[in-house]
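This briefing introduces one protein structure to a reader who is new to the subject. Please look at the sequence and the model first, and then read the points that follow.

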Amino acid sequence: MTDEFDTNFTSSIADIDRPDLTFFDSDSATVVREQAARKLRDRLREGQQQMADWEGGPLAVSAVPGAGKSTGMAAASAIAIGRYQLHSRRQLIVVTFTRSAAANIKAKIRQNLQELSLPQGGFVVHTLHGLALNIAMRHPDLSGLNLENSTLVTPTQSHRLIRTCVELWIAENPQRYQVLLEGQQFDGEETERLRRQSVLRTEILPQLAKTVIHEAKSSGLFPEDLLKMGALSSGDSYEILAVAGGLYQKYQALLRSREFIDYDEMILAALRVLENPKARAIEQNQVFAVFEDEAQDSTPLQTELLEILALDPNDPKLPPNFIRVGDPNQAINSTFTPADPIYFREFCEQCKVENKLATMDCAGRSTQVIIDAANFILEWVNRSDLAGTEQPFRDQTIKIVSRNDPQADANPVPIGRGLELHTPRDVYHTIELIGKRVVELIEQFLPPGFELKNLEKKIDLGGEVSDAEPHAKLPLEYLKSMAVLVRENKQGKFIKEVLENPKKHGLSIDLSKYGIKIEDVGERDRHSQVPWEILTLLQFLDRPHSPDYLKAALKILSDRQLIPKQDYNAFATSPEQFLYPGPLDPQQSEPVRKCRYFCCGLLQARLELPPSQIISFIALALQYDQTELATADKLAERVAIQTVANNSMSNILNVLSEIVSSERFEPVEADEKVEQRYTSKGQLTIITMHKAKGLDWDCVFIPFLHDQTIPGSLRVLPQAKFLGDFTLAEVARAQIRASLHGKYPLPNLGEAWEQAGYLKTAEEMRLLYVAMTRAKSLLWMSAEKKGPFTWNKPENLQELKPCPVMPVLKQQFPGNAIL
């Protein structure tokens, strides 16, 4: 990457609309750049232009769905790089929420720099934890992190670290444990005692530890702080915060003794570095400004880190060069992460007072009636008492764009009524209605004379029809993208199963006869297969003479279509004879030889490559696509950190086994693949509302809108009800958040549980808002009269109450209610 920059690129970018000020020097090269910069800015909407015109200091950008946040940030980044002549020693830091988002915005910034005829440098894009880790690694003495001897962990409820800290706490706190064991009442029966012990040790206390440690740590709270908070709480015979503080203490002690670090520790380590004046100045001198995307999902500690970096070390009294972009109305992670939209809301209000708030409220994604419906829900929910003391939304409505907006097909015309509100008999009727509507949509937009019903085979993404006449192609350019958005993966699994087996479930529509592919994102992404595949092949390379490991490896290679399919049991039982046949052994068939050559090639690489490179080699050998390669790189990085002191094959296998068995390793998504895989035309995508954020489709179906699902209620599992009608984890979370917001005295058990319920309701309403705003031309919503009590048994139907927004939507939009 080139780090030197053209010094003729000068600094009046905010004035490119003002004819009395110049943007570039007068030589011909800079004139071309000036024209390119004007063209780049002219493509932006008003709110995006406010980012591009930024001249330093704080700026809050509150953007509605579909307003073009990342496009505006990428353009503003490129313009700032040229305007201030940034380079590797004085650069722009762009921070995003996920690796896939980082890859996406990096590509956009580079494209904009190319348009401005500037080198592809002067900026870096990080996730928050990646940025913190870099700072901590540069100053190991100050951060307290020694990655050569440390192991990075991502504890889940079942992680050995959490399990161990629970057992240690129980051993040292027998009286408190006994109080929990007795619960609200206990007759001393031994079988019940054993049952409660199991529930406490394997479910309740691990969940409390996982929730509280992440919540407290991300907020800058230490175990001692929780113990002090516990002393201030009243009416809590269980002393939940004291229990939580004790678990937190044990967890921290285990981290230190076993030289483990977690992701929250990275943020704390970076902040420890920045407490040192000299180190802080070194880091700040390399940073010109910080641009943060998805700011509504930041925690207090993460925000503190970014604000420190954005300060000028030569004059720390100046406000930080800090642009924060987000939408508090799309904050949908706060009930299972420490993120809280209140902090970004407060930042927006502070910037508003200083005239430093840019509002991106014009969006070209959706047709007018969909925007009207989303705006109505926002306003109605805020006026209602659904979320109690919580206000789910910031008062910011979506507006359509101007007629001369640069976006092609902005605010498209509606398909049909644009908004369709259904009340089917039951969930099976819903799926039939969706299937029929999908066929109607396909047929509606096909060119005249094209007979869709004659296509008996499924299509692929390229539009080819298998086993059909050579000229038969489904013209995807005429079709619309379609998706079904569900609240949980079990609903998506049910929809796909019913659609793929219409006769079994009494449906009159069969999508397979119309060449319509069903893409269930939950089925594909439920668990990333990359770590498991890498582990399986490494186990074979470590013990190639094991029949089980050989067979497992051959199965993966076959599934990947890298070797011929056949009965592998025939030769997997004699691995040595298969891998190294002697002159007296039976001659191998051609398919068997192909399998052997591939396996021997892997074994040869195992001998020639260092362990640190073997994961990347396997990923290439398996012919992973872009997304899978990125995930393999992430996995290799993770394993390298955890095995830096001992990178033997056995240690690598141990680390991988731990990741596969007790952690959820999130795959990296390359955004181009996401767009292609999830939003392709000619298919019906089934995806959760959470996963759908950041995507959009021409037609969106949102079924199963029942009160028990959205907003639903916090659930207490039957096996845990001996403690009461609440969960320890949610009560503790609500009390911690009350403390962070300065709400004293802390809520008691009942108040905290009620507040936790309000937080969940508020987030569920925001989640529905996100789902509704994914639709461009058609939004189809339904609340069935009958549905399952639990999606574990979808066939058991009963009368269900609709989601509260459905009746009011029908009242507000009576012409869109379909009987």
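Glu55 is exposed, with a relative accessible area of 53%. In this predicted model, Glu55 forms a salt bridge with Arg83, and the closest N and O atoms are 3.3 Å apart. The pair links distant parts of the chain, 28 residues apart: Arg83 belongs to helix 3 (residues 69-83), while Glu55 sits in the loop between helix 2 (46-52) and strand 1 (58-63). Unlike Glu55, which is exposed, Arg83 counts as buried at 2% relative accessibility.

**Salt bridges**

- Side chains of opposite charge can pair when their charged atoms come close.
- The count of salt bridges comes to 37.
- Arg195 forms a salt bridge with Glu192, with 2.8 Å between the closest N and O atoms.
- Both Arg195 and Glu192 lie in helix 9 (residues 190-218), where three residues, about one turn of the helix, set them apart.
- Arg195 is partly exposed, at a relative accessible area of 31%.
- Arg733 forms a salt bridge with Glu730, in which the closest N and O atoms are 3.4 Å apart.
- Because Arg733 and Glu730 are three residues apart in helix 30 (residues 728-740), about one helical turn separates them.
- Both Arg733 and Glu730 are buried.
- Glu215, Asp340, Glu730, Arg733 and Arg737 are joined into one network by salt bridges that share partners.

**Strand 14 and its partners**

- Strand 14 (residues 775-782) is mostly covered, as seven of its eight residues are buried.
- Strand 9 (residues 419-422) pairs with strand 14 in the parallel sense over four bridges, and Leu421 stands opposite Met781 in strand 14.
- Strand 13 (residues 697-702) also pairs with strand 14 in the parallel sense, over five bridges, and Ile702 stands opposite Met781.

**Cysteines**

- How many disulfides are there by the rule used here? The count comes to zero.
- A disulfide is a covalent bond between the sulfur atoms of two cysteines.
- The closest cysteine sulfur to that of Cys599 is in Cys595, at 6.7 Å, which is too far for a bond.
- Cys599 counts as buried, at 0% relative accessibility, and Cys803 is buried with a relative accessible area of 0%.

**The chain as a whole**

- The protein chain has 32 helices and 17 strands.
- Of its 819 residues, 55% count as buried.
- Among contacts in the protein chain with a separation of 6 or more, 77% come from residues 24 or more positions apart.
- The protein chain exposes about 35,600 Å², of which carbon and sulfur atoms supply 49%.

Note on methods. Residues numbered from 1 in each chain as written. Predicted model: local features only at pLDDT ≥ 70, side-chain atom pairs only at ≥ 80, totals over all residues. Heavy atoms only, no water. Disulfide = S-S within 2.5 Å. Buried < 20%, exposed > 50% of the residue type's maximum accessible area, 1.4 Å probe, protein only. Helix = DSSP H or I, 4+ residues; strand = E, 2+ residues; numbered from the N terminus. Contact = heavy atoms within 4.5 Å. Areas by Shrake-Rupley, 256 points an atom, 1.4 Å probe, with all protein chains shown as cover. Pairing = 2+ DSSP bridges. Salt bridge = Lys/Arg side-chain N within 4 Å of Asp/Glu carboxyl O.
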